[in-house]
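Open your viewer and get ready to select a few pieces in turn. This tour says what to pick next and what is there.

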Amino acid sequence: MSERTLWLRCEKKEFERRSALTPTTAKKLIDAGFKIFVERDEQRIFDDSEFEAVGCELVEHNSWPNAPKDVTIIGLKELPTSEEPLPHTHIQFAHCYKQRGGLSSVLARFHHGQGTLYDLEFLTDASGRRVAAFGFHAGFAGAAAGALALAAERSGKNLGLLVPYPNEGAMVADVKEKLGGSAKGLKVLVIGALGRCGRGAVDLFRKIGVEENDIVKWDMAETAKGGPFQEILDVDIFINCIYLTSKIPFFLTREQIQAAGKSRRLRVVVDVSCDTTNPNNPIPIYSINTTFSEPTVAVDTGAGNPPVSVISIDHLPTLLPREASEQFSADLLPSLLELPSRQSARVWTDAERLYKEKLADAVKAENL
Ligand SMILES: NC(=O)c1ccc[n+]([C@@H]2O[C@H](COP(=O)([O-])OP(=O)(O)OC[C@H]3O[C@@H](n4cnc5c(N)ncnc54)[C@H](O)[C@@H]3O)[C@@H](O)[C@H]2O)c1
């Protein structure tokens, strides 16, 4: 029975309303013979009652440490910092494999508890691509934030606090309203337009009414000529959605912006890729990650020149928790259905092998 049991834990990160399982995917798992425990959680975008209605068993908030040891715990984000050993199997984003110069405190907890970690970032298909990722809604939400920043700038203000929307329709309606009813006349450029984030950004611009010809879509072919690109200065909003793997010529520089003087159209840059501190960041015009409470940072555009603001929020899908969770969880579902054969199903054996390698490296480095 435990092979077909999942325990959905609550998320303890502030503002995190997303969920690894949704009532839709929980129902599909139950139909396939799974037993699903769900921790009561007011922060989650889905009501506890939505899970109960599809047959999940509700359990106390944050009670997973007391769950039977053979039950698999599923969540999204990192566990709160602690030194408590972890004896369970956990499925989550752990961000603990890149630790240098010491055993990650998270891996140490697994080592001491003899649990297992399946990191969601490393569940991949046969071609090495992640089975589930939040990119589409990162691009969608990033484009919405960019349009909101433009609307704010047009009324002489800075964009204020961003609050997660209950659903996509509410986000689209709000952006349109802030732009005065329609986004017609807006011109935007999305680089990385063929990827997950890029497709999401393009979708938002279509939904708020930007005309197709005014949504400039670039990917590898268009940037092959090498930047910096004048074309970026000639749109209202530039969205960067590339997956950066190596050093490439800059897309946009501060000097280029300053040299353009007053004639520049560009007002807002959304760096969805958020390679903020990466020395190869192709948009070296800012140096901090922005936040929901302070979504934009101003670029030094030179005296007397119009402003440019940058949005560099690294958890954009949180702005659209319902749809982001639904898509992520649906993409994860085929792998979850394979959990009962985790000893032979490639997606799980690969993830477990990676975990064991990382753990062994860390243990060796620490001489434990
Ligand atoms: N800010 C956030 O909240 C957030 C959330 C999710 C993902 N991300 C980040 O967004 C980035 C993109 O993720 P994704 O899932 O969309 O990746 P992806 O692999 O699906 O898409 C990346 C796209 O960029 C293109 N590309 C790569 N290099 C390019 C170049 N030099 N010029 C033009 N196009 C180029 C690729 O061809 C591809 O189409 C990643 O860095 C990811 O970590 C950010």
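Select helix H3, residues 105-113, together with H11. This is a predicted model. The two helices pack at an angle of about 95°, and their axes are 10 Å apart. H3 and H11 are therefore roughly perpendicular to each other, since angles from 65 to 115 degrees count that way. Now show the side chains where they meet. From H3, pick Leu-107, Phe-110 and His-111. From H11, pick Lys-358, Leu-359, Ala-362 and Val-363. By class, the residues of this contact divide into 5 nonpolar, 1 polar and 1 charged.

Stay on H11, which covers residues 346-366, and select Glu-352. Is Glu-352 buried or exposed? Glu-352 is partly exposed, because 17 other C-beta atoms lie within 10 Å and a buried residue needs 20 or more. Which residues does Glu-352 contact, leaving aside neighbours within four places in sequence? They are Thr-116 and Tyr-118. Next, pick Leu-117. Leu-117 and Glu-352 are 235 residues apart in sequence, yet their C-alpha atoms are 7.2 Å apart in space.

Move to H4, residues 135-154, and add helix H5, residues 168-178. Their axes are 9 Å apart and form an angle of about 20°. H4 and H5 are therefore roughly parallel to each other, as angles under 35 degrees count as such. H4 passes H5 in a left-handed crossing. To see the contact, select Ala-144, Ala-147, Leu-148 and Ala-151 in H4. Their partners in H5 are Met-171, Val-175 and Lys-178. This contact of H4 with H5 has 6 nonpolar residues, no polar ones and 1 charged.

Keep H4 on screen, hide H5, and show helix H6, residues 196-208. How far apart are the axes of H4 and H6? They are 6 Å apart, and the helices pack at an angle of about 45°. H4 and H6 are therefore oblique to each other. H4 passes H6 in a right-handed crossing. Among the H4 residues that meet H6 are Gly-135, Ala-138, Gly-139 and Ala-147. On the H6 side, the list includes Cys-197, Gly-200, Leu-204 and Ile-208. By class, the contact of H4 with H6 has 11 nonpolar, 6 polar and 3 charged residues.

Now select the ligand. How many residues surround the ligand? There are 26, and the closest are Gly-135, Ala-138, Gly-192, Gly-195 and Cys-197. You have already met some of these: Gly-135 and Ala-138 sit in H4, and Cys-197 sits in H6. H4, H6 and helix H7 (220-223) each supply at least two residues of the shell around the ligand. H6 gives the most, with 3 residues. Color the shell by class, and you get 16 nonpolar, 7 polar and 3 charged residues.

For the last stop, select Leu-320. Where is Leu-320? It is in the loop between strand E12 (309-311) and helix H10 (321-337). Leu-320 is buried, because 30 other C-beta atoms lie within 10 Å and 20 or more are enough for that. Not counting residues up to four places away in sequence, Leu-320 touches His-137, Phe-140, Ala-141, Tyr-165, Glu-168 and Met-171. Finally, add Asn-167. Leu-320 and Asn-167 are 153 residues apart in sequence, with their C-alpha atoms 6.3 Å apart in space.

Conventions:
Residues are numbered from 1 along each chain as its sequence is written. This is a predicted model: local features need pLDDT of at least 70, side-chain atom pairs count only at pLDDT 80 or more; totals for chains, interfaces and linings use all residues. Helices (H or I, at least four residues) and strands (E, at least two) are DSSP runs, numbered from the N terminus. A residue is buried if 20 or more other C-beta atoms lie within 10 Å of its own, exposed if 12 or fewer, and partly exposed in between; C-beta atoms are placed from the backbone. Two residues are in contact if their C-beta atoms, placed from the backbone, lie within 7 Å. Axes are lines fitted to C-alpha atoms, for helices over the stretch in contact, and angles run from 0 to 180 degrees between N-to-C directions. Angles under 35 degrees count as roughly parallel, over 145 as roughly antiparallel, 65 to 115 as roughly perpendicular and the rest as oblique. A crossing is left-handed if the near helix is turned anticlockwise from the far one by less than a right angle, and right-handed if clockwise. Ala, Val, Leu, Ile, Met, Phe, Trp, Tyr, Cys and Pro count as nonpolar, Asp, Glu, Lys and Arg as charged, and the others, Gly among them, as polar. A residue is near a molecule or strand if its C-beta atom, placed from the backbone, lies within 6 Å of it.
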